[in-house]
Amino acid sequence: MGGRTKLGAFIITLSVGLLGLAAYIGLTHRDSVVELAVDPSRLLIATAVVVLLGFCWICIVVSSHKLLRPVSVSAVGRLAGSAFVGLLCFGIAVPTTVAAQTVMAQRDLVGNVFQSEGNSKSATRPKVNKKDPWANTPRLNILLLGADDGVGREGTRTDTVMVASIDTKTGDTKLISLSRNFMRMPFPEDSPLHKFYPTGFWDPDLGNVEQSEFYLDAMYRNIPLAHPHVLGPSDNEGADVLKVSVGEAMGLKIDYYMQVNLQGFEQIIDALGGITVNINYKVPIGGDYKGPGSADDILPSRYLQPGPNQHLNGHDGLWFARGRYGLSDPSRQERQRCTIHAIVNSANPSALVTKYQQIASASKKLLRTDIPQEILPAFIDLGMKVKNANVSNVDLDKSKNFPSGKNPNYEAMREIVKNALETKTKPVASTPSSTPTKKPGSTKATTKPPAGGTENLKDACAYHPVNP
């Protein structure tokens, strides 16, 4: 319109070409996009490019306005034209700023949570081929830790300990939950810790009694205090200790760990817009059960009521996973698995796009891991497989193998895990195990899959209410 036909054609052609190139790369070179998304230096360049493109478009709008503005226009016309140009510039600046902030949030997340191999220390992290990390890894075993360092705690205890064993070809995942009160957690004979605890993590001098300072959930804190740097240089000695011991107990080689601070866990759920779960029995919020006959019980502030498709915010989602007043550890473990399942289902594209800055901000405060930056693209691809694959639970047969935590049968559990990972067992639906810890008036019915079998989490987390 202003007579600059060649310049206008060039700008439009360039813009359309850049959009087409971006679409082509996104559709046909996903690996390249993923590599960009987890490389802090490339993300910084991407931020600069986004800001530069936005600035260029603002310059084009302003220049076009000057070129087309009539000389004889009235003051009202000039004001209206300037307002329209300002509105267009604002319309460009807002999405540009949001895009730049999102890219920088991703860079901040990657830099804070995932350290490069050269800038981090781990005594147990495997050496892998960066170009094809899963070439010699048919199953990837990740230790999932929920650390509870809330008020009244001395140090950190890992009240939640799970192993996610992922088939690197299909993404099919088996979840194995360990009870927090396991004693005598073993160590491999070639581990430096075996000489200190040849019969497992416990104190034989105290006799065959419950020893809370030798529970699984106390290992993260107590072993590094008693034997600092025993495994070698590490940024997280407690996690390395648990990787070695849990791997020996389950007969697995644990590759990496992911640790979540449970006190801030609700931020992740809120950032995702909440989670939707089926609640099959009343779940307490708060409360502290001191034992049979104790008058010092702290009653729950309220209960999450049973019902299908309950949408929970971060606070209630955290207590759905943690609540245990009058309930058993196995019931809590099952709810924790269902919470993970719900979070995976909540991480849909619309939530990730619209709330990514919140998710990234919450994640960098809550997560610790020894997964190096260099293999993040492979992890993201694997995560996409997991989202669309089967996720199931391995039953370790509590009634036979750990009726109490004093002397668990790790050999039998290793056999169960081996069978579950090697065979494709037909999923078995179950109801949550929610027998109370000797609390009167709260007994629940329990249905379990056969020992060594697996239960699909879609079935296990379905709505099948249990009468109190």
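The following exchange covers confidence, one helix pair and the cysteines of this predicted model.

Biologist: What pLDDT does the protein average?
Modeller: This is a predicted model, so confidence comes first. At least 70 is the score for 85% of the residues. The average pLDDT of the protein is 83.

Biologist: Which element has the lowest mean pLDDT, and which the highest?
Modeller: The lowest mean, 62, belongs to helix 10, residues 349–354. The highest mean is 96, over residues 237–250. That element is helix 6.

Biologist: Over which residues does pLDDT stay under 50?
Modeller: The model still has 74 contacts beyond four places in sequence for this stretch. Its pLDDT stays under 50 throughout. The stretch is residues 425–447.

Biologist: Are helix 3 and helix 4 roughly parallel or roughly antiparallel?
Modeller: Two packed helices are described by the angle and the distance between their axes. Helix 3 spans residues 40–68 and helix 4 residues 75–113; their axes come within 9 Å and cross at roughly 180 degrees. Angles over 145 degrees count as roughly antiparallel. The two helices are therefore roughly antiparallel.

Biologist: How many nonpolar residues does the contact of helix 3 with helix 4 have?
Modeller: Sort the contact by class. Charged residues number 1 and polar residues 7. The nonpolar count is 20.

Biologist: Which cysteines does the disulfide join?
Modeller: A search of the whole structure finds 1 disulfide. Its S to S distance is 2.1 Å, and the cut-off is 2.5 Å. The pair is C338 and C461.

Biologist: How many residues apart are C338 and C461?
Modeller: C338 sits in helix 9, residues 329–346. C461 lies in the segment after helix 15, which covers 457–460. The link thus ties distant parts of the chain, 123 residues apart.

Biologist: Is the link of C338 and C461 left-handed or right-handed?
Modeller: Look at the angle about the S-S bond. It is -95 degrees for C338 and C461. The link is left-handed.

Biologist: Is C338 buried or exposed, and what of C461?
Modeller: Buried means under 20% relative accessible area. C338 has 11% relative accessibility, so C338 counts as buried. C461 has a relative accessible area of 9%, so C461 is also buried.

Biologist: Why is C59 not bonded to C56?
Modeller: C56 is in no disulfide. C56 counts as partly exposed at 35% relative accessibility, and C59 counts as partly exposed at 32%. A disulfide needs sulfur atoms within 2.5 Å. The sulfur of C59 is too far from that of C56 for a bond, at 6.3 Å.

Terms used:
Residues numbered from 1 in each chain as written. Predicted model: local features only at pLDDT ≥ 70, side-chain atom pairs only at ≥ 80, totals over all residues. Heavy atoms only, no water. Axes fitted to C-alpha atoms, helices over the stretch in contact; angles between N-to-C directions. Parallel < 35°, antiparallel > 145°, perpendicular 65-115°, else oblique. Nonpolar A, V, L, I, M, F, W, Y, C, P; charged D, E, K, R; others polar. pLDDT = per-residue confidence, 0-100. Contact = heavy atoms within 4.5 Å. Buried < 20%, exposed > 50% of the residue type's maximum accessible area, 1.4 Å probe, protein only.
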